[in-house]
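Open the model in your viewer and keep the sequence panel visible. The stops below go from strands to helices.

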Amino acid sequence: MADEPIKAEEPEEGATVDSSGDVIHVSGNIVNSTIIIKSVVKDEQAVDLEKLPPEPGDPPYQGLQYFSEQDASRFFGREQLTASVIGRLQRTRFLAVIGASGSGKSSLVRAGVVPALKSGARLSDGSQPPTGSTQWSYRIITPGGHPLDALAAVLSKENSLPSQINSLRDELAQDPKAFALAAQSLLATEGTGHLFLVVDQLEEIFTQTRNAEERDAFIKILAAASSPNDAQPVSVIVCLRADFYAQVAQHDSLRELVSQHQEFIGAMSRAELVDAIVGPLNQGNWKIQEGLVKVILDDVGYEPGALPLLSHALLETWKRRRGRTLTLSGYVEAGGVDGAIRETADSVFRQRLTPEQQPIARLIFLHLAELNDDAQDTRRRASFDELITRSTDEATIKTVINILVDARLVTTSTLEPDNTEVVEVAHESLIREWPTLRQWLSEDRQGLILHRQLTEAAEDWVKEGRDVGLLYRGKRLAQIQEWAAAQPNSDSMSLQEVEFLDASAANAKEELEKEERLTRLRRTQQIFAGVIVPLVLLVGILGYISFRPKPPPIMNGLYNIAIAEIGEVGANGQVRRMENDGGVRLTQEIATALNDSLKNDSTILIWNDNPELRRQRVQIGIVDNAQSAQSMARRLNADMVIYGVIDKRQQPPVLGIRMYLAPRISNTLDEVNGSFDLNTLIPVTSDLEADPVKSALTRQANLLATIAVGQYQSQSGFSIEALESYLKAAELAPNSDILQFFIGREYLFSLERQPVLQLARAAFEQKALEALQKSLQLNPQNARAYVGLGSLYVKQAKQLIKEGTASEFTRENMDQTAKLLDQADNAYGTVSQLDIDPNLYGVPVQDIARLGLGDSQVTRGALLEASAQNDAASVAFNNAVHTLEATVPAFQSPGLSRYLAQNYQFLGSAYQNLGYLAFLKGDASTATTEYQKAIEQFDACIALGANSNDRVIQNDIIAANCQPLRQQTEDYLGGGP
């Protein structure tokens with residue numbers, strides 16, 4: 001039978017009428033609809049089609065996804081409703097499109113109303129869209145958890161910075177009228193005269209927006225934008241689920257708007273459903289088997305929320321097409337309208353996902369459901385970071401999500417202003433109709449609610465700058481800790497949630513200790529009150545004999561910053577106090593700016609000379625060099641000392657500010673300390689109160705505050721957060737080689753501290769390399785950056801050796817590894833040629849470079865040994881022994897135990913490998929001697945941990961390396977490798 005287009009025609013003789021009023025002919029023709037099936041495939045022909053493979057082509061149906069503007073050409077059946085909605089918009093600037101979940105609200109507005117307004121073409125009822133609608137500006141948002149963020153993003157100009165979007169968001173939160181100003185600015189930029197704003201899924205302000213103030217502000221904006229008393233060039237249309245009427249009623253302005261201006265969507269008529277089924281087939285010249293349309297119509301019935309089920313069933317039937325024809329057998333295989341979603345979801349979960357991926361998919365779906373007590377469960381967006389847990393990694397999550405996206409079960413997008421990646425289910429019908437997911441949601445519903453509350457609390461905590469006041473306490477903390485202790489709950493928590501819970505536990509412990517101290521103090525006071533008279537007498541006697549003043553207090557914050565009084569350098573080069581307390585005033589300016597920048601962060605304590613400290617007999621004073629800064633840090637227990645002098649020998653005089661970082665035991669082996677010059681000079685006039693001086697001091701204080709936060713985060717093991725702080729600081733001081741060094745160093749620490757980032761190793765190592773190289777471009781004398789480069793190259797070489805040992809070395813891999821070691825040796829060697837002031841660096845940086853060189857030489861020996869170049873390997877190991885034995889004395893000074901432990905570890909490894917090479921040669925005597933030397937070095941390493949609580953020495957060096965290597969060497973001595 002020749003192909004003919006599907007078009008309207010008159011009922012044929014012998015037609016019958018079903019109960020719906022549609023005329024259905026036995027041949028398959030359907031009339032009283034806008035579309036009639038003309039070119040159907042007869043039953044007898046369908047038998048021959050069963051053997052045909054599916055012909056290629058784009059799918060005519062959307063499945064679970066809503067129709068967007070790009071899909072308007074395939075959006076059929078809602079022409080009359082589209083015309084009705086646009087007609088309402090002629091008379092009002094606000095309209096609520098309301099209907100059950102799955103009634104097609106989003107598709108109606110996105111693929112029906114918006115394209116019709118943009119085209120300006122005559123509508124199905126003969127009317128015209130509003131005049132000028134072809135020239136309007138159109139914006140579509142879904143509120144999500146932060147509707148003001150979403151609104152600010154679409155109102156901002158293209159290429160707006162995140163800071164500009166956040167600023168607009170704050171204005172919207174403070175004043176609803178800010179929306180009108182932003183809209184006018186947008187229209188002026190785009191050269192249009194009217195804004196058409198679509199708020200899809202308005203119910204999200206009730207299900208996902210947790211901040212009541214933000215919800216209220218958003219509602220006020222909708223009311224103000226739609227007010228008849230304030231004519232604005234704005235039209236607003238919202239899509240709302242009907243079962244959220246009760247929540248709308250709680251807000252007077254929104255209730256009034258919705259009650260007076262609404263279009264309620266019911267079920268599609270059979271004629272409209274025929275259009276929706278057959279219209280898209282016409283677009284792609286597809287066919288349908290005789291009688292299948294009636295079967296589908298009967299299955300759909302008149303349920304208002306059945307459209308996504310229909311659309312999905314049609315898509316799955318099309319996937320099982322025979323040639324270019326949708327058949328009854330394909331429809332049955334897909335599961336029909338009632339079972340297509342179930343069949344698809346179960347098939348994808350059980351067949352396309354591996355057993356290892358299935359628990360991850362379950363976790364994803366649970367995160368994408370919003371649990372409601374007074375309404376049906378709804379879908380929610382989850383950020384991609386939220387899905388990364390302690391038991392999953394980024395690559396696996398992405399793989400599973402890609403499979404689910406390909407199956408059209410979930411969708412992904414990004415949210416402004418920070419381009420946050422989010423995931424959501426394609427339609428809420430998946431939550432309603434997939435029994436497996438319903439079972440997951442009901443298995444431990446209370447646990448899921450607890451987990452969701454934890455997710456929201458952690459997000460708020462991070463957004464508010466990790467405010468201690470937002471942490472869990474008391475029964476709430478105990479309840480979530482009990483939940484988190486059970487499997488698989490502990491593995492389902494995101495890294496952000498784990499951090500939040502750990503911080504809550506640490507804070508609770510600290511508060512308990514404070515309470516216990518207060519209790520002891522009160523008890524002591526009671527005892528004191530009981531013996532006050534005898535004590536007074538005793539004190540009098542003791543006072544007569546001797547008087548011992550109480551020592552001044554020291555700093556006790558989690559991170560302590562002492563600001564030294566700014567001095568001046570006169571013509572003779574001597575540092576002295578400034579006249580009229582000028583240095584004290586400058587110090588106070590820095591302290592004030594620091595506190596403002598840190599917003600009085602309770603984790604950071606700042607001291608500068610002031611009357612209160614003087615009453616406690618604390619005097620900070622002037623610092624003129626690194627040694628006096630080190631002395632001050634020890635005296636005050638400061639982590640950072642900020643100091644500087646005004647050099648009056650220059651005209652105009654300039655103020656140079658430096659920072660000294662005190663050594664601290666942290667989670668990091670490579671602890672940076674010493675004095676640092678940030679390469680920023682501030683011109684100073686005689687008027688210290690001048691605005692330029694204050695502004696420059698404020699900028700410098702902001703920079704130092706950001707560095708201090710980064711230092712504290714790094715010492716606490718939060719490398720990702722520290723990295724963000726250093727990157728922010730680098731924006732304030734782009735020419736600082738020190739900051740680039742901090743950035744490169746923290747990229748490497750991130751890989752060690754965050755196992756989930758191992759899949760991003762290459763990218764992070766490249767970022768580290770770029771930062772360290774930039775540091776050296778800015779300052780070729782930066783010895784720390786050379787040591788960092790050497791360390792990076794050796795890490796990369798060790799990784800290549802590990803990979804080659806696990807599989808097979810190739811010549812290319814060996815050459816690449818040797819090149820990396822050459823680069824490491826060159827970086828370490830450069831340090832020995834620099835003119836270095838050891839007091840400035842705080843550690844013997846040249847000896848640290850030699851330690852790194854010894855490690856590189858051991859690694860080179862391992863490479864040569866793996867490639868069977870045993871003589872060359874022996875030379876490399878002997879070179880390492882020579883280098884490392886010479887550095888042992890340098891690290892026997894106090895405070896350098898970590899480097900000493902590493903020195904023993906590397907030296908023991910060199911001796912062990914020399915013993916192994918001697919064994920291969922058959923020289924058992926030499927092998928025994930070298931093995932015994934190795935054991936001596938490993939024993940020296942282990943002995944360092946006997947009287948040390950340093951976790952890096954205990955865990956990262958001794959437990960991870962020296963102890964297992966010693967045992968391995970003992971085994972070699974017992975019977976050879």
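Start by selecting Val 198 and Ile 237: Ile 237, in strand β7, is the bridge partner of Val 198. This is a predicted model, in which local features need pLDDT of at least 70 and side-chain atom pairs count only at pLDDT 80 or more, while totals for chains, interfaces and linings use all residues. Residues are numbered from 1 along each chain as its sequence is written, and side-chain values use heavy atoms, with hydrogens and water left out.

Widen the selection to β7 (residues 234–241), which is joined to β6 by 5 bridges and runs parallel to it. Strands are DSSP runs of E with at least two residues, helices are runs of H or I with at least four, and both are numbered from the N terminus. Two strands pair if DSSP finds at least two bridges between them.

Next, add β5 (residues 137–141), also parallel to β6 and joined to it by 5 bridges. Here Arg 139 has Leu 197 of β6 as its bridge partner.

Now show the side chains of β6. Leu 195, Leu 197 and Val 199 point one way, Phe 196 and Val 198 the other, and all are buried (under 20% relative accessible area, with a 1.4 Å probe and protein chains only). Because 5 of the 5 residues of β6 (residues 195–199) are buried, the strand is largely enclosed by the rest of the structure.

Finally, select α21 (residues 445–463) and α22 (residues 474–485), which pack at an angle of about 115° with axes 11 Å apart. That makes α21 roughly perpendicular to α22 (65 to 115 degrees). Axes are lines fitted to C-alpha atoms, for helices over the stretch in contact, and angles run from 0 to 180 degrees between N-to-C directions. Across this pair, Gly 447, Leu 450, His 451 and Leu 454 in α21 meet Gln 479, Ile 480 and Trp 483 in α22 (heavy atoms within 4.5 Å).

Methods:
Parallel < 35°, antiparallel > 145°, perpendicular 65-115°, else oblique. Buried < 20%, exposed > 50% of the residue type's maximum accessible area, 1.4 Å probe, protein only.
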